[in-house]
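Welcome! Here are a few exercises to work through with the structure on your screen, each followed by a solution in steps.

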Amino acid sequence: MFPAGPLRAPLQAQFERTDALIVVGDGPAAKAVAAVLAARGKPVLPAHLKPHDRSVASLRGKRALAFAGIGDPARFFRTLRGSGDRSRR
């Protein structure tokens with residue numbers, strides 16, 4: 001299953017094709033979908049994204065432009081800020 005959006009297949013049709021659901025983060029947005037899939041005996045797997053230390057280090061001290069083309073851009077930017085140089089906070 002991919003994030004919802006106007007060009008995605010209808011959610012109901014995706015339930016038939018889903019083997020498991022990976023829920024990234026702790027927010028409540030996926031609870032209804034997770035409940036449907038769990039009731040069908042499908043695994044619901046929690047996950048958290050963690051930036052790779054070398055990737056973060058390669059950007060340290062450099063100016064960067066960040067662009068988010070994902071469903072929850074605020075979460076992306078929080079992750080990005082949280083990976084920044086902690087000595088400058």
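**Exercise 1. Find the buried residues of helix α2, and work out how they are arranged around the helix.**

Step 1. Go to helix α2, residues 31–39, in this predicted model. The buried residues there are V33, A34 and L37.

Step 2. Look down the axis of α2: the buried residues fall within an arc of 100 degrees, so they line one face of the helix. A general rule helps here: an α-helix has 3.6 residues a turn, so residues three or four places apart point the same way.

Step 3. Now turn to the face of α2 directed away from the buried side, where you will meet the exposed residues K31, A32 and A39.

Step 4. Ask what covers the buried residues of α2. The cover includes α1, β1 and β2, the last of these spanning 44–47. For one residue in detail, take A34: leaving out residues up to four places away in sequence, A34 touches L21 and V44.

Step 5. Follow the chain just past the end of α2, and you reach G41, which has a positive phi of about 80 degrees.

**Exercise 2. List the members of the largest nonpolar core and say which element gives the largest share.**

Step 1. The core has 6 residues: F15, L21, V23, V33, A34 and L37.

Step 2. Sort them by element: β1 and α2 each supply at least two residues of this core.

Step 3. The largest share comes from α2, with 3 residues.

Step 4. To set this beside the whole chain, note that 13% of its 89 residues count as buried.

**Exercise 3. Place T18 in the chain and decide whether T18 is buried or exposed.**

Step 1. T18 sits in the loop that links α1 (11–17) to β1 (21–24).

Step 2. The relative accessible area of T18 is 4%. Buried means under 20%, so T18 is buried.

Step 3. Check the polar surroundings too: a polar atom of the T18 side chain lies 2.6 Å from the backbone oxygen of Q14.

**Exercise 4. Locate the aromatic pair and describe its geometry and surroundings.**

Step 1. The structure holds 1 aromatic pair, formed by F76 and F77.

Step 2. As a rule, a pair of aromatic rings is described by the distance of the centres and the angle of the planes. For F76 and F77 these are 5.0 Å centre to centre and 70 degrees between the planes. An angle over 60 counts as edge-to-face, so that is the name for the pair of F76 and F77.

Step 3. Both partners are partly exposed: F76 has a relative accessibility of 28%, and F77 has a relative accessible area of 24%.

Step 4. F76 belongs to helix α4, residues 73–82. Setting aside neighbours within four places in sequence, F76 is in contact with A66, F67, A68 and I70. F76 and L49 are 27 residues apart in sequence, with their C-alpha atoms 9.7 Å apart in space.

**Exercise 5. Describe the chain as a whole.**

Step 1. Count the elements: there are 4 helices and 2 strands. Read from the N terminus, their order is α-β-α-β-α-α.

Step 2. Consider contacts with a separation of 6 or more: 31% of them join residues 24 or more positions apart.

Step 3. Finish at the surface, where the chain exposes about 7,600 Å², with carbon and sulfur atoms supplying 60% of it.

Key:
Residues are numbered from 1 along each chain as its sequence is written. Side-chain values use heavy atoms; hydrogens and water are left out. Buried means under 20% relative accessible area, exposed over 50%, partly exposed in between (1.4 Å probe, protein chains only). A polar contact is a pair of N or O atoms within 3.5 Å; within protein, one must be able to donate a hydrogen and the other to accept it, and residues adjacent in sequence count only if both atoms are side-chain atoms. Rings of Phe, Tyr and Trp (its six-membered ring) pair if their centres lie within 6.5 Å; planes under 30 degrees apart count as stacked, over 60 as edge-to-face and the rest as tilted. The arc is that of the directions from the helix axis to the C-beta atoms. Contact means heavy atoms within 4.5 Å. Accessible areas come from the Shrake-Rupley method with a 1.4 Å probe; for residues, only the protein chains shown count as cover. A nonpolar core is a set of buried Ala, Val, Leu, Ile, Met, Phe, Trp, Tyr and Cys residues joined through side-chain atoms within 4.5 Å.
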